[in-house]
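Open the model in your viewer and keep the sequence panel beside it. We will go from one selection to the next, with a short note on what is there.

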Amino acid sequence: MPTSHTDPVTLEVVELIGTVVARYHQEYEEAAAAHSLTGAQARVLGLLALEPTPMRKIAEKLKCEPSNVTGIIDRLESRGLVERRPDPADRRVKLAAPTDDGRDTARRLRESLHFAREPLGELTGVERTLLRDLLLRMLGEAPPPTA
């Protein structure tokens, strides 16, 4: 039987998720500022550190307009953190990719984020896996297959 959206535990979980998101956002903004980046610039740089990405896909991931991403990429490029290059699979598409300085900045930024990492370190591996799987389920995604 599904739970009501107004039962006390559901309301408490919603409040806790909001608190976690707010604290993570605050720390992320502070970490970005310590690297002379805006939060949006830091998020884009973090995404690009995973893999070079077309700007259209960055906009989709950030749920914003492509023109916003173009401005962010322009500012990161002017600082030498990002470069544009043709996509080898489709030369009409431009990929945004981090430079060596950009990858280093993204790594230092990631390492300076303690809020999420330290409390997660207090959980067992089983608890972290369960939390990941529950969050994925809340997002309507399937957890990765178990080995």
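## Start at the sheet

Select β1 and strand β3 (residues 90-98): the two pair in the antiparallel sense, over two bridges. Bear in mind that this is a predicted model.

Show the residues of β1. T53 has A96 in β3 as its bridge partner. P54 stands opposite L95 in β3.

Now add β2. Six bridges join β2 to β3, and these two strands run antiparallel. Pick V82, and you find P98 of β3 standing opposite. Then follow the chain from β2 into β3. A hairpin makes the link, through two residues.

Keep the three strands on screen. They form an open sheet in the order β1-β3-β2, with antiparallel pairing. Which strands are the edge strands? They are β1 (53-54) and β2 (82-87), each of which pairs on one side only.

## Lay a helix over the strands

Select α4, residues 66-78. This helix lies across β2 and β3. Its direction is at about 120° to β2. Leave α4 displayed, as the next two stops use it.

## α4 with α3

Add helix α3, residues 55-62. The axes of α3 and α4 come within 8 Å and cross at roughly 110°. That crossing angle makes α3 roughly perpendicular to α4. The crossing is right-handed.

Show side chains where the two helices meet. From α3, select M55, I58 and A59. From α4, select P66, V69, T70 and I73. Colour this contact by class: six residues are nonpolar, one is polar and none is charged.

## α4 with α2

Hide α3 for a moment and bring in helix α2, residues 39-50. Here the axes of α2 and α4 come within 10 Å and cross at roughly 80°. The pair α2 and α4 is therefore roughly perpendicular.

Which residues make the contact between α2 and α4? On the α2 side, select A40, Q41, V44, L45 and L48. On the α4 side, select I72, I73, R75 and L76. By class, this contact of α2 with α4 has seven nonpolar residues, one polar and one charged.

I73 is worth a label. I73 of α4 is part of the contact with α3, and I73 is also part of the contact with α2.

## α2 with α3

Bring α3 back and hide α4. The axes of α2 and α3 come within 11 Å and cross at roughly 120°. That angle makes α2 oblique to α3. The crossing of α2 past α3 is right-handed.

Select R43, V44, L47 and L48 in α2. They meet I58, K61 and L62 in α3. The class split for the contact of α2 with α3 is five nonpolar, no polar and two charged.

Some labels return at this stop. V44 and L48 of α2 take part here, and both are in the contact with α4 too. I58 of α3 meets α2 and also belongs to the contact of α3 with α4.

## Two loop residues with positive phi

Go to the loop between α1 (8-34) and α2, and pick S36. Its phi is near 55°, a positive value in a residue other than glycine. Is S36 buried or exposed? S36 is exposed, with a relative accessible area of 55%.

Move on to the loop between α3 and α4, where K63 lies. K63 is not a glycine, yet has a positive phi of about 55°. K63 is exposed, at a relative accessible area of 74%.

## Last stop: a glutamate in α1

Select E27, in helix α1. Buried or exposed, how does E27 count? E27 counts as buried, because its relative accessibility is 18% and the cut-off for buried is under 20%.

Now show what surrounds this residue. Leaving out residues up to four places away in sequence, E27 touches S112, L113, H114 and F115. Display those four with E27 to finish the tour.

Technical notes. Residues are numbered from 1 along each chain as its sequence is written. This is a predicted model: local features need pLDDT of at least 70, side-chain atom pairs count only at pLDDT 80 or more; totals for chains, interfaces and linings use all residues. Side-chain values use heavy atoms; hydrogens and water are left out. Axes are lines fitted to C-alpha atoms, for helices over the stretch in contact, and angles run from 0 to 180 degrees between N-to-C directions. Helices (H or I, at least four residues) and strands (E, at least two) are DSSP runs, numbered from the N terminus. Angles under 35 degrees count as roughly parallel, over 145 as roughly antiparallel, 65 to 115 as roughly perpendicular and the rest as oblique. Contact means heavy atoms within 4.5 Å. Ala, Val, Leu, Ile, Met, Phe, Trp, Tyr, Cys and Pro count as nonpolar, Asp, Glu, Lys and Arg as charged, and the others, Gly among them, as polar. A crossing is left-handed if the near helix is turned anticlockwise from the far one by less than a right angle, and right-handed if clockwise. Two strands pair if DSSP finds at least two bridges between them. Buried means under 20% relative accessible area, exposed over 50%, partly exposed in between (1.4 Å probe, protein chains only).
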